Amino acid sequence: MACTRISVIQHSIATLAVLTCIAFFFISKASAGPACLVSAPADWQGVTVRWEGTCTNGQAEGSGVLRGFENGKVLRLFFGRMKAGQPEIGVDELPDGYVAGRFKDGQVVTSDDRNDTILAFREASKAAEVVSERFRAAGNAPSAKFYRDKAHSLGAQMD
């Protein structure tokens, strides 16, 4: 009986480990490199995410764009800065507007400080420029233009 119990536990642990590895692989794959782990904003349920930016120690890091896909179509965009795979500051673009600010545990931190919003839009604009340049360097002019236009639009939000 003890051997059976251990065998079932070992099998369950092994299965969980395999499923976890598969899930992390599909959570995000950087467009130009190896798998890059990211945590999407908390309300991005049911979408596949892809980080377009740098990856440090296997996690999204620095300026870039997080894209949320459903059935191959981009539904959500986060422009900003990631730290250790987590959104740190930036702008979550929604169909009806923006959510801007600092992020903690995948959620925007409520703040009355207008400077947080201003900084978030600046970071978002910078991130879009970084991604635009990556696409330009890769020879993808339409995507480079799309993100360059996004950078200008995000930068103009606080004018």
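A disulfide is taken here as a pair of cysteine sulfur atoms within 2.5 Å, and by this rule the count comes to one disulfide in what is a predicted model. The bond is formed by C36 and C55, whose sulfur atoms are 2.3 Å apart. Because the torsion about the S-S bond of C36 and C55 is about 115°, this disulfide is right-handed. The two cysteines belong to distant parts of the chain, with C36 in the loop between α1 (2-27) and β1, C55 in strand β1, and their positions 19 residues apart. Their surroundings can be described through accessibility: C36, at 0% relative accessibility, counts as buried, whereas C55, at 31%, counts as partly exposed.

The strand that carries C55 is part of an open sheet of six strands, arranged in the order β1-β2-β3-β4-β5-β6 with antiparallel pairing. The edges of this sheet are formed by β1 (48-56) and β6 (107-108), each of which has a single partner strand, so that one side of each is left without a neighbour in the sheet. Strands of a sheet pair through backbone hydrogen bonds, either parallel or antiparallel. In the case of β4 and strand β5 (residues 97-104), the two run antiparallel and are joined by six bridges. Within this part of the sheet, I89 stands opposite R102, a residue of β5.

Two helices are placed against the sheet. Helix α2 (residues 114-137) packs on it and touches β1, β2, β3, β4 and β5, with a direction that makes about 80° with that of β2. Helix α3 (residues 141-156) lies across β2, β3, β4 and β5, and runs at about 65° to β3.

The nonpolar interior was examined next. The largest nonpolar core has 15 residues, and those with the most contacts inside it are V65, F79, V91, Y147 and L154. The elements that give two or more residues to this core are β3, β4, α2 and α3, and α2 gives the most, with six residues. The setting of V91 illustrates these contacts: when its neighbours within four places in sequence are left aside, V91 is in contact with L77, F78, F79, Y98, V99, A100, A120, F121, A124 and L154. Apart from the largest core lies another, of 11 residues, among them C36, V38, A60 and F103; the buried cysteine of the disulfide, C36, is therefore also a member of a nonpolar core.

Aromatic residues were considered separately. A pair of aromatic rings is described by the distance of the centres and the angle of the planes. The structure holds five aromatic pairs. One of them, formed by F135 and Y147, is stacked, with 5.6 Å from centre to centre and 5° between the planes. This pair links distant parts of the chain, since F135 lies in helix α2 and Y147 in helix α3, 12 residues apart. Both F135 and Y147 are buried, and for F135 the relative accessibility is 13%. Ring pairs further link F79, F135, F146 and Y147 into a cluster. Within that cluster, F135 and F146 are 11 residues apart in sequence and 9.7 Å apart in space, C-alpha to C-alpha. Residues up to four places away in sequence not being counted, F135 touches E52, N140, S143, A144 and Y147.

A glycine of the sheet and two residues of its loops complete the description. G62 is found in strand β2, and, with residues up to four places away in sequence not counted, it touches W51, T54, G80, R81 and M82. The distance between G62 and P87 is 9.5 Å from C-alpha to C-alpha, while in sequence the two are 25 residues apart. In the loop between β2 (59-70) and β3 (73-83) is N71, which has a positive phi, near 55°, in a residue other than glycine. N71 counts as exposed because its relative accessibility is 78%, where the cut-off for exposed is over 50%. A84, placed in the loop between β3 and β4 (86-94), likewise has a positive phi, of about 50°, although it is not a glycine. With a relative accessible area of 40%, A84 is partly exposed.

Methods: Residues numbered from 1 in each chain as written. Predicted model: local features only at pLDDT ≥ 70, side-chain atom pairs only at ≥ 80, totals over all residues. Heavy atoms only, no water. Helix = DSSP H or I, 4+ residues; strand = E, 2+ residues; numbered from the N terminus. Buried < 20%, exposed > 50% of the residue type's maximum accessible area, 1.4 Å probe, protein only. Pairing = 2+ DSSP bridges. Contact = heavy atoms within 4.5 Å. Axes fitted to C-alpha atoms, helices over the stretch in contact; angles between N-to-C directions. Core = buried A, V, L, I, M, F, W, Y, C linked by side-chain atoms within 4.5 Å. Phe/Tyr/Trp six-rings, centres within 6.5 Å; stacked < 30°, edge-to-face > 60°.
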